[in-house]
Amino acid sequence: MKDFFSTAKFKILVALAVVLAGMMAWAGANNRLTSAPQELLGAAAVPFQKIGALLSEGVSGVVTKYAEYDSIVEENEQLKQENYDLRQQLVDYDKLKAENEAFRDLNNIREQNPEFEYASAFVIGRDPLDQFGGFTVDAGTLDNVKKGDVVVSDKGYLVGIVLEPGLTSSKVLTILSPSLNAAGVVSRTRDNGILTGDSAYSGDGLTTFTGLPRDTLATVGDEIITTGLGEVFPADILVGTVQELVPEASGKTTVAVVKPGEDILTLKHVQIIINR
């Protein structure tokens, strides 16, 4: 017991007793003795009340932030949908604009060739391994497209023929390919020849017109058109212009390097002659 009176615990208890005695004496002197316990409890509760208020504010802030986050997420999704809708409208507008331009050009070539019936088609695919510019269009047998149908540009220039028609799409063999042969003539001089592709020129979007006489009077800038011989290609279809005249190795004929009237490698839209 003697050791207890010398411990720190005993000293703390004595200090607390002195503080409480002083507070009781102060309360008695100020006629507040009856309310002293309540004030003591109130004073002791203040720190806990502050902690409770802070916790309440924190929880309320977290709830508010989560509510705002959900609102932001919803608004973001709405903006994404609106952005998608606007982009889709832009795509539809661009396609409609292209179709209107194609129909305008179609009216022009219909006036030039009223005996032909055309199917309008967009280029939807190109084979990067095809050095002769072959491509696929979005018209097929459901549009009355057949194998061998002649393909022209919106301006009426010869592009090629339908090689493989499908239900809704078709592959086109272009005039840049050596597999395509069409009888043609130099419009000004009436020199006959054969339009056919050549790998030496196809990479530049050019084709050739072979079999011209050695002494041909054709010159750079002359127009090449089809003759209709063989009944594969209609007569008088524009092909392009002579870019260069090259004597063949045999020395008997001349080859005309021809620039097609349309850039075969970048065409976006064509017309297919489905009935003539």
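**View 1. Strands 10 and 11 pair in the antiparallel sense.** Seven bridges join strand 10 (residues 238–247) to strand 11 (residues 253–260) in this predicted model. Val-242 has its bridge partner in strand 11. That partner is Val-258.

**View 2. Six strands close into a barrel.** The strand order is 6-7-8-11-10-9. Pairing in the barrel is antiparallel. Neighbouring strands of this sheet are turned by 40° against each other on average, direction ignored. Strands 10 and 11, shown in the previous view, sit next to each other in this order. Strand 6 stands beside strand 7 in the order, and its pairing with strand 9 closes the ring.

**View 3. Strand 6 is largely enclosed by the rest of the structure.** The strand covers residues 181–186. Five of its six residues are buried, so the strand is largely enclosed. Buried here means under 20% relative accessible area. Two of the pairings of strand 6 are shown in the next two views.

**View 4. Strands 6 and 7 form a hairpin.** Strand 7 spans residues 192–196. Five bridges link strand 7 to strand 6, and the sense is antiparallel. Val-185 stands opposite Asn-192 of strand 7. Five residues lie between the strands of the hairpin. In this hairpin, Arg-190 takes a positive phi near 65°.

**View 5. Strand 6 also pairs with strand 9.** Strand 9 comprises residues 223–226. Three bridges join strand 6 to strand 9, and the two run antiparallel. Gly-184 has Thr-226 of strand 9 as its bridge partner.

**View 6. Asp-127 lies in a loop between two strands.** The loop connects strand 1 (117–126) with strand 2 (135–137). The side chain of Asp-127 reaches the backbone nitrogen of Leu-129 at 2.9 Å. Asp-127 has a relative accessible area of 44%, so this residue is partly exposed. The value falls between the cut-offs of 20% for buried and 50% for exposed.

**View 7. The whole protein has three helices and 12 strands.** Of its 276 residues, 32% count as buried. The accessible surface comes to about 17,300 Å². Carbon and sulfur atoms account for 58% of that surface. Among contacts between residues at least 6 apart in sequence, 56% join residues at least 24 apart.

Definitions and conventions. Residues numbered from 1 in each chain as written. Predicted model: local features only at pLDDT ≥ 70, side-chain atom pairs only at ≥ 80, totals over all residues. Heavy atoms only, no water. Helix = DSSP H or I, 4+ residues; strand = E, 2+ residues; numbered from the N terminus. Buried < 20%, exposed > 50% of the residue type's maximum accessible area, 1.4 Å probe, protein only. Polar contact = N/O pair within 3.5 Å; in protein donor to acceptor, adjacent residues only side chain to side chain. Pairing = 2+ DSSP bridges. Axes fitted to C-alpha atoms, helices over the stretch in contact; angles between N-to-C directions. Contact = heavy atoms within 4.5 Å. Areas by Shrake-Rupley, 256 points an atom, 1.4 Å probe, with all protein chains shown as cover.
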